[in-house]
Amino acid sequence: MEFYNKPGDYDAINYIPHTESHGTKELWKTFWLLLGITVLDFVIYFVMPASGWRNFIFIFFGLVKAYYIVGAFMHLKHEKINLALVILVPMVFVLGLISGLLYEGSALEVMKSM
Amino acid sequence: MANHTSTQAAFENQPTWAGGRSPFNVSYGKLMMWIFLLSDAFTFSTLLVQYGTQRFSNVVTPITTKWPDPASIFNHFPFMHGLHLPLLFVSVMTFILILSSVTMVLAVEAGHRKSKAEVARYMVYTIIGGIAFLSCQAWEWYTFIHEGARLDGNTFGITKQGYDHLNSVGFGDHFEWAEGDRTFGPVPFAALFFIVTGFHGFHVFSGVVINVVVYIMTVRGVFERRGHYEMIEKAGLYWHFVDLVWVFVFTFFYLI
């Protein structure tokens with residue numbers, strides 16, 4: 001078997017990625033989903049009075065939209081799992097930081113009013 | 001070319017991390033775009049952390065709404081002066097951005113089929129969508145500043161009277177602030193709005209510039225000669241990221 005492990009064997013300039021079209025069906029499906037969720041956001045905003053539950057629904061819908069944008073439009077669903085993890089795992093820590101600081105924010109409110 | 005296939009085959013027989021090939025099966029440029037987007041995601045996260053902390057430390061109290069209700073401020077629509085139309089304009093902006101995301105991904109798909117004419121056509125649609133979004137944002141900023149928004153102050157705090165007044169009007173009714181409806185609110189409100197939507201708008205602007213450059217390269221046949229349209233994919237990754245950030249700006253600044 002022939003191995004190419006000398007520098008220069010891997011020709012970055014003439015590199016041609018292996019690409020094939022998966023058709024537009026999934027893309028249009030994602031579009032209608034995103035549009036549907038946005039319309040649902042709009043409807044819920046007026047139908048439901050403001051509450052923690054409503055905020056939860058909006059954030060949940062936001063994460064669903066993010067899943068479809070990153071997964072289908074940015075093609076991350078079809079990339080190697082290693083790449084997906086490298087990108088997604090740090091974001092979990094960011095979510096942790098956000099929820100932690102929201103909690104501390106309410107504590108700041110209490111302290112300011114003392 | 002002939003060498004290319006045998007090189008590729010030899011790499012595939014190597015252990016993943018033995019070097020000489022991408023362990024993630026993506027090209028250098030695409031991987032670097034992903035790493036850049038990750039760092040950009042951190043940048044936007046810091047802004048959202050700041051926004052969330054400020055907002056939670058200025059919560060709604062029974063007497064006055066300390067943090068301004070977005071429905072009371074972003075309730076304008078072009079050519080419908082004086083009507084109370086909360087969330088409508090920003091939903092249109094969201095729709096424009098989703099639509100331009102689809103045309104972008106269709107350009108990427110056309111690139112996979114190496115169809116130059118289709119790539120060019122969908123890139124034009126995407127650029128038009130981006131410019132339309134930026135125009136909407138310019139109008140939004142203009143209206144907000146016209147209403148009195150400043151970086152160092154906030155006149156959008158609402159009194160109990162103002163809150164009742166706002167709740168008494170329905171969607172599409174005539175609405176005008178009365179004397180004593182509004183008071184001073186937490187200072188960072190408008191500043192955070194300008195910084196976050198401004199930062200996002202600047203990303204949209206640079207995305208449009210990138211798309212224009214890529215469009216010109218497509219039309220001039222650069223990618224045709226190169227043999228692949230991967231540059232469209234890289235520009236697309238950036239463009240979709242901008243859409244992704246907007247999903248969260250829309251959720252946290254307008255819906256909640």
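How many residues of chain B are in contact with chain A? In this predicted model, 53 residues of chain B touch 53 residues of chain A. On the chain B side, the elements that give two or more residues are α1 (2-12), α2, α4 (88-112) and α9 (230-255). The largest share comes from α2(B), with 11 residues. By class, this side of chain B has 27 nonpolar, 21 polar and 5 charged residues.

Helix α2(B) can be followed on its own before turning to its partner in chain A. The helix has 29 residues, and its first and last C-alpha atoms are 42 Å apart, close to the 42 Å expected at 1.5 Å a residue. Its buried residues are B:Lys30, B:Met33, B:Trp34, B:Leu48, B:Tyr51, B:Gly52, B:Thr53 and B:Arg55. These buried residues pack against α3 of chain A, and also against α7 (188-219) and α9 of chain B.

The pairing of α2(B) with α3 of chain A deserves a separate description. The axes of α3 (residues 81-112) of chain A and α2 (residues 28-56) of chain B come within 8 Å and cross at roughly 15°. Angles under 35 degrees count as roughly parallel, so α3(A) is roughly parallel to α2(B). The crossing of α3(A) past α2(B) is right-handed. The residues of this helix-to-helix contact comprise 16 nonpolar, 5 polar and 2 charged.

Notes
Residues are numbered from 1 along each chain as its sequence is written. Chains are lettered from A and ligands numbered from 1 in the order in which they are written. This is a predicted model: local features need pLDDT of at least 70, side-chain atom pairs count only at pLDDT 80 or more; totals for chains, interfaces and linings use all residues. Axes are lines fitted to C-alpha atoms, for helices over the stretch in contact, and angles run from 0 to 180 degrees between N-to-C directions. Helices (H or I, at least four residues) and strands (E, at least two) are DSSP runs, numbered from the N terminus. Angles under 35 degrees count as roughly parallel, over 145 as roughly antiparallel, 65 to 115 as roughly perpendicular and the rest as oblique. A crossing is left-handed if the near helix is turned anticlockwise from the far one by less than a right angle, and right-handed if clockwise. Ala, Val, Leu, Ile, Met, Phe, Trp, Tyr, Cys and Pro count as nonpolar, Asp, Glu, Lys and Arg as charged, and the others, Gly among them, as polar. Two residues are in contact if their C-beta atoms, placed from the backbone, lie within 7 Å. The expected span of a helix is 1.5 Å times one less than its number of residues. A residue is buried if 20 or more other C-beta atoms lie within 10 Å of its own, exposed if 12 or fewer, and partly exposed in between; C-beta atoms are placed from the backbone.
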